[in-house]
Amino acid sequence: MSAHALILPKFDGDGGDVWRLENYVARGGYEVLKKIVAEKTPAEAIIAELKASGLRGRGGAGFPTGLKWSFMPRSFPGDKFVVCNSDEGEPGTFKDRDILRYNPHAVIEGMIIGAWVMGCTRGYNYIHGEIFEIYQRFEAALEEARAAGLLGQNILGSDFSFELFAHHGYGAYVCGEETALLESLEGKKGQPRFKPPFPASYGIYGKPTTINNTETFASVPFVLKMGGEAYLALGKPNSGGTKIFSISGHVSRPGNYELELGTPFAELLQMAGGMRAGRKLKAVIPGGSSAPVLPADIIMDCTLDFDAISKAGSMLGSGAVIVMDETTCMVRALERLSYFYHDESCGQCTPCREGSGWLYRIVHRIEHGMGREEDIDLLRSVADNIPGRTICALGDAAAGPVKSFLKHFEDEFIYHIEHKECLVPPARQEDGFLIPDYVSRPC
């Protein structure tokens, strides 16, 4: 559902052919690209508009897009690359697949504009391995763009040439990290690289590369069509424009909602039909499963923008809003999250490889009635010694939920340890995802 319908087009039923080129053009699609090519708009002017818009990366990190594009060494001889990160593997996040499902040409136009600005000759869209039908649709959209002279040699009759390809990933969460994504694109094992050098100077095949999220590229045509200042006015000073929020969990109408940044969380909750079965809100993870959890009394006073969520003690991240009601056992929820990060660690860094498994095993034994009095302090100690000691942020992602769950819901963990049972009666708990119940190694 879309309140503003910039990135997610409005449609009835299942969307039908809303994704096709003719319908995108009817909505004003490719007008910005055609104007740029016809007028030979300088790269500096486009970057200036992006900076004025306050557009920040929509994949989680929130880095200013215009600034990122300015890092590309345009005078570098030879190939330069632009890459779209559609490896949407963060639990709770499902916006990028809907952009590619219903508005793939917005992503394509944004990437072509990026190539124009940064002098890139080739581009790739790395699509998550578990959404193959989305990969197929994007391939179909690419064929439409090529047939219309929007991709390939001499685009729109100009001397500007750019080719764009789709790449199907294999479902590894770590490939959402940009350098692991590049390794995978090159046909190698998806593991993060040391930085520096950064992709802008040494990216895919050792060439300068700029990587942005799906939603970020899809936003670019709308920023340039509206103008940077007008786009910024939709949101807040440090959080310009609209953002797609994927809300899931214990709400009546889970789904994607496109809202102005700075919209109160309470308004999003109302749009999603409120709490399911009339239950009370207990906690929310506001930016994907790696974001720190916030209890109801804090999140209900928050607006959905980068600064407000950060001030509250979490992060906006990918905009995946996971809602938990009063039936949720927070120990059980953390056990599920901890297992995910333990399972998805690529194993390259010892603190993440060993630490994520250690965290899971401690939470697992607490949940299953084997907790020890010293486990609370042990969890904090392990979680404190992972962040900042790994090549990528997966270790931080494993530690973050542990620290925030203990910060706000330590009483539930203590109750599990002391009483060997859950504070929330099992009869009132929602059925959750099953996780392997194997015997824990000694911690």
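How many residues does helix α14 have, and what distance does it reach from its first C-alpha to its last? In this predicted model, helix α14 (residues 330-344) has 15 residues and reaches 21 Å between those two atoms, close to the 21 Å expected at 1.5 Å a residue.

Eleven of the 15 residues of α14 are buried, so the helix is largely enclosed by the rest of the structure. The buried positions are M330, V331, A333, L334, E335, L337, S338, Y339, F340, Y341 and E344. They pack against two strands, β8 (281-285) and β11 (320-325), and against two helices, α15 (350-367) and α17 (394-419).

Strand β11 contains A320. With a relative accessible area of 0%, A320 counts as buried, because that term applies under 20%. The C-alpha atoms of A320 and I247 are separated by 6.0 Å, although the two residues are 73 residues apart along the chain. Leaving out residues up to four places away in sequence, A320 touches P91, G92, T93, S246, I285, P286, G287 and G288.

E90 sits in the loop between β1 (81-86) and α5 (96-102). Which side chain of opposite charge is nearest to E90? That side chain is R97, 11 Å away; E90 is buried yet has no salt bridge. Its side chain does have polar atoms of two serines at the distances listed below.

| Partner of the E90 side chain | Distance |
|---|---|
| Backbone nitrogen of S289 | 3.0 Å |
| Side chain of S290 | 2.8 Å |

Beyond its neighbours within four places in sequence, E90 is in contact with Y173, G287, G288, S289, S290, S318 and Y341. Y341 is also one of the buried residues of α14, and G287 and G288 are also touched by A320.

The nonpolar side chains remain to be described. In soluble globular proteins, nonpolar side chains tend to be buried together. Here the largest nonpolar core has 57 residues, of which I108 and I113 touch the most other members. Helix α6 (residues 104-118) gives the largest share of this core, ten residues. Not counting residues up to four places away in sequence, I113 touches V32, L33, I36, I46, W69, V220, P221 and L224. Apart from this core lies another, of 30 residues, including V293, C329, M330 and V424. M330 is also among the buried residues of α14.

Technical notes. Residues are numbered from 1 along each chain as its sequence is written. This is a predicted model: local features need pLDDT of at least 70, side-chain atom pairs count only at pLDDT 80 or more; totals for chains, interfaces and linings use all residues. Side-chain values use heavy atoms; hydrogens and water are left out. A nonpolar core is a set of buried Ala, Val, Leu, Ile, Met, Phe, Trp, Tyr and Cys residues joined through side-chain atoms within 4.5 Å. Buried means under 20% relative accessible area, exposed over 50%, partly exposed in between (1.4 Å probe, protein chains only). Helices (H or I, at least four residues) and strands (E, at least two) are DSSP runs, numbered from the N terminus. Contact means heavy atoms within 4.5 Å. Lys and Arg count as positive and Asp and Glu as negative; His and the chain ends are not counted. A salt bridge is a side-chain nitrogen of Lys or Arg within 4 Å of a carboxyl oxygen of Asp or Glu. A polar contact is a pair of N or O atoms within 3.5 Å; within protein, one must be able to donate a hydrogen and the other to accept it, and residues adjacent in sequence count only if both atoms are side-chain atoms. The expected span of a helix is 1.5 Å times one less than its number of residues.
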